[in-house]
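Let's go through this one as a chat between a reader and an author. Here is the entry to look at.

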Amino acid sequence: MIKSNASRVCQMLSNKHFGGFKQDIIEPAKPSLTAAYCVSRFNDAISDMLIKQINDNSKLPVYIKKGISEDEDVKTHPRIPIILNVPITSLPTNSFNFDRYFDNLESFRFGHTIIYSEVTTTTIDLIDPFISIDGLVTVAGVQTQGRGRSGNTWVSPKGCAMFCVAFHIPLSSRLGQSLGLVQHLVSLAVLRGIIRAAGYEKLDLRLKWPNDIYWAKSVKVSGNIVTSSLIGNNVQCIAAVGVNVNNSHPGQPLNQLITNCLETKELQPLTVEEVIARSLNELDYLIKETERTGIEMLKKLYLQHWLHTEQKIKISGDKEVTIKGIDDHGYLLVEDASGKISTVQPDGNRFDMMQNMIVKK
Ligand SMILES: O=C(O)CCCC[C@@H]1SC[C@@H]2NC(=O)N[C@@H]21
């Protein structure tokens, strides 16, 4: 699977997409939580635990909205904040519009407890103490140590949607038996979160195996990292997602592509809040549907949106193969000239768009 002279190209691509930009931000010694703002359907004990943990990490105020019961419509629930110390009107940030976020959030499971930090190291650090809380989301305005896959840096300026979501998958469930597909599911959720709004289906966004989103097969607009730990019979996952929505670097953000493209000129620019909330709605839908109908549905949807259909690529020593799909664990299925099907694993490999080749990460 290794093409030696390609690894340098691969390195250059990595720099182009993820690094090579110096961020002029003073790094806080530890995550600087500016506000935690929660609507919680959890009982008071869990909400209180959350408040305590957050307060232990930060002297800054915490805003809690709680009390949604299972049968209430999340959207119409009056959001009465239970305020610690400071009135909600003086939330010390104006860069994340919580109302817009909650107006777009339809999922009951995800995102009702959201911890927002204006500047932090990475949302992964923020969510780490809370992974036992299914559905909890952390969001950052700016990250000073944004992480990408394979040790890359994720350049994390304002305007980039940067969030993590914690969710639990029973090991015995359909998805629990095909955990390798979770990263594919997450990227599909983000893609659908963007293109399922009216008009946005025209956007030329496609999935690049295993879990990136590309515009016009050439501009990376989103990536994710999914990590998991097994606790008893439950897999506790964290999906860490970045989407270049409005940021002027690196590369071209989604909104610039939308306004530059003839076909999509009329569309409203997207907001970070919309992208996050809608991705969470889709995440909820896709997990439910996978559990209800099985992973074939998920694989089919993934392939409908990817950019590799019948693509010819080169693997190990210039051997040409044709991409046929993914297997139950998310591995790439390729067919050689003799009709033999084999798999390529996402963990050790990445897809080099410049060379149409599978290369070692
Ligand atoms: O390499 C990739 O494509 C994955 C990028 C994931 C970036 C996101 S931004 C929010 C979260 N926090 C991080 O530090 N990384 C992820």
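What follows is a set of questions and answers on the ligand, the salt bridges and the cysteines.

Reader: What kind of model is this, and how are residues numbered?

Author: Numbering runs from 1 along each chain as its sequence is written, and side-chain values use heavy atoms, with hydrogens and water left out. Local features need pLDDT of at least 70, side-chain atom pairs count only at pLDDT 80 or more, and totals for chains, interfaces and linings use all residues, since what you have here is a predicted model.

Reader: Which residues come nearest to the ligand?

Author: A residue is near a molecule if one of its heavy atoms lies within 4 Å of it. There are 20 residues around the ligand, and those that come nearest are Thr122, Gln143, Arg147, Arg149 and Lys220.

Reader: How far is the polar side-chain atom of Lys220 from an oxygen atom of the ligand?

Author: Start with the backbone: Arg147 has an N or O atom 2.6 Å from a ligand oxygen, and a polar backbone atom of Arg149 is 2.6 Å from an oxygen of the ligand. For Lys220, a polar side-chain atom is involved, and its distance to a ligand oxygen is 2.6 Å.

Reader: How much of the ligand's accessible area does the protein cover?

Author: Areas here come from the Shrake-Rupley method with a 1.4 Å probe. On its own, the ligand has 410 Å² of accessible area, and the protein covers 100%.

Reader: Which element gives the largest share of the shell around the ligand?

Author: Elements are DSSP runs numbered from the N terminus: helices are H or I with at least four residues, strands are E with at least two. At least two shell residues each come from α4 (123–127), β6 (160–170), β9 (219–231) and β10 (234–244). The largest share, four residues, belongs to β9.

Reader: Which residue forms a salt bridge with Asp125?

Author: A salt bridge is a side-chain nitrogen of Lys or Arg within 4 Å of a carboxyl oxygen of Asp or Glu, and the structure holds 16 of them. In this one the closest N and O atoms are 2.9 Å apart. Asp125 sits in helix α4 and its partner in the loop between β5 and β6, so the pair ties together parts 22 residues apart in sequence. The partner is Arg147.

Reader: Is Asp134, which meets Arg109 in a salt bridge, buried or exposed?

Author: Buried means under 20% relative accessible area, exposed over 50%, and partly exposed in between (1.4 Å probe, protein chains only). The side chains of Arg109 and Asp134 meet at 2.9 Å, N to O, and Arg109 is partly exposed at 21%. Because its relative accessibility is 19%, Asp134 counts as buried.

Reader: Which residues are joined into one network with Arg149 by salt bridges that share partners?

Author: One link is the bridge between Asp212 and Lys208, whose closest N and O atoms are 3.7 Å apart. Asp212 is buried, with a relative accessible area of 4%, and Lys208 is buried too, at 3%. Joined with Arg149 through shared partners are Lys208, Asp212 and Lys220.

Reader: How many disulfides are there?

Author: A disulfide is a pair of cysteine sulfur atoms within 2.5 Å. By this rule the count is zero. Cys160 is in none, as the nearest cysteine sulfur, on Cys164, is 12 Å away.

Reader: Is Cys237 buried or exposed?

Author: Cys237 is in no disulfide either, and its nearest cysteine sulfur, that of Cys164, is 12 Å away. With a relative accessibility of 1%, Cys237 counts as buried.

Terms used: A polar contact is a pair of N or O atoms within 3.5 Å; within protein, one must be able to donate a hydrogen and the other to accept it, and residues adjacent in sequence count only if both atoms are side-chain atoms.
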